[in-house]
Amino acid sequence: MKLDLLRAVAAHVANGESVAMVTHLASGRQAVVVGAAGPAGELQLSDNEIAEIGRMRAADRSAIIDGTQIFVRVYAAPIRMVVVGAVHIGQALVPMARLAGFKVTVIDPRAAFVKSSGFDGAETIEAWPDEAMKGLKVDAHTAVVTLTHDPKLDDPALA
């Protein structure tokens, strides 16, 4: 793998993005594919190949694209959990989720709940859930857990 492609993969992974390193097995040419954008690197890919790579990234599946000599190595985005409501159930859930490998974010507009709950190791956002969710890139690698049992907090977060 060329250094510039390695740096690109590392930067996308550090940014929490799913990325694919694509290698043509016969020639050794490579490219990095992120999102719907075209490849970056020396390997040219067809629209169909880019679409298949997108499906593979969504499924966290590394493999050779059928009928080609193109190997796709997927580096998946980290699994995340967004917890809406800094409540007592969350105090138990957050450490368990972190142990299971989730990157956890806790959202609650109530400062007293967020600050006094001790969600060590989790990102905390003191904001209304619907506003906070706009800034988060919720995707197939994100679990959203609503714990407040208050429709004015839970429902907008889910919407």
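This report walks through two sheets, a surface patch and some salt bridges in a predicted model.

## The antiparallel sheet

Let's start with the five-stranded sheet. It is open, its strands pair antiparallel, and reading across it gives the order 3-2-1-5-4. The edges belong to strand 3 (40-41) and strand 4 (63-64), each of which has a pairing partner on one side only. Helix 2, covering residues 47-58, packs on this sheet and touches strand 1 (19-24), strand 2, strand 4 and strand 5 (70-75). If you compare directions, helix 2 and strand 5 make an angle of about 35 degrees.

At the strand 3 edge, the neighbour is strand 2 (residues 30-33), and two bridges hold this antiparallel pair together. To find the spot in your viewer, look for A31, which sits opposite G41 of strand 3.

## The parallel sheet

The other sheet is open too, with four strands in the order 8-7-6-9 and parallel pairing. Here the edge positions go to strand 8 and strand 9 (142-146), each paired on one side only. From one strand to the next, the twist averages 20 degrees.

Strand 6 (residues 80-84) is a good place to zoom in. Five bridges connect it in parallel to strand 9, and another parallel connection, to strand 7, also has five bridges. For landmarks, V84 has T146 as its bridge partner in strand 9, while V83 stands opposite V106 in strand 7.

## How covered are strands 6 and 7?

Is strand 6 enclosed or open to the outside? Five of its five residues are buried, so strand 6 is largely enclosed by the rest of the structure. Buried here means under 20% relative accessible area. The cover reaches both faces of strand 6: R80, V82 and V84 are buried on one side, and M81 and V83 on the other.

Strand 7 (residues 103-107) is mostly covered as well, with four of its five residues buried.

## A nonpolar patch by the N terminus

Now for the surface. M1, L3 and L6 make a nonpolar patch of about 300 Å². One of these residues, L6, belongs to helix 1 (residues 3-14). With a relative accessible area of 43%, L6 counts as partly exposed, because that value falls between the 20% and 50% cut-offs.

## Salt bridges

How many salt bridges turn up in a search of the whole structure? The count is six, and three of them are worth a closer look here. As background, side chains of opposite charge can pair when their charged atoms come close.

Take E42 and K2 to begin with: their closest N and O atoms are 3.5 Å apart. This salt bridge links distant parts of the chain, since E42 is in the loop between strand 3 and helix 2, K2 is in the segment before helix 1, and 40 residues separate them. Both partners are partly exposed, E42 at 39% relative accessibility and K2 at 45%.

Next up is K115 with E126, whose side chains meet in a salt bridge at 2.9 Å, N to O. K115 is part of helix 4 (residues 111-116), whereas E126 sits in the loop between strand 8 (123-125) and helix 5 (129-135), so the pair ties together parts that are eleven residues apart in sequence. K115 counts as exposed at 63% relative accessibility, because the cut-off for that label is over 50%. E126, at 42%, is partly exposed.

Finally, D150 and K152 form a salt bridge with 3.4 Å between the closest N and O atoms. K152 is exposed, its relative accessible area being 54%. D150 comes out at 22% and is partly exposed, so it misses the buried label, which needs a value under 20%.

Notes: Residues numbered from 1 in each chain as written. Predicted model: local features only at pLDDT ≥ 70, side-chain atom pairs only at ≥ 80, totals over all residues. Heavy atoms only, no water. Pairing = 2+ DSSP bridges. Contact = heavy atoms within 4.5 Å. Axes fitted to C-alpha atoms, helices over the stretch in contact; angles between N-to-C directions. Patch = residues over 30% accessible without salt bridge, like charges linked within 9 Å, V, L, I, M, F, W, Y side chains within 5 Å. Areas by Shrake-Rupley, 256 points an atom, 1.4 Å probe, with all protein chains shown as cover. Salt bridge = Lys/Arg side-chain N within 4 Å of Asp/Glu carboxyl O. Buried < 20%, exposed > 50% of the residue type's maximum accessible area, 1.4 Å probe, protein only.
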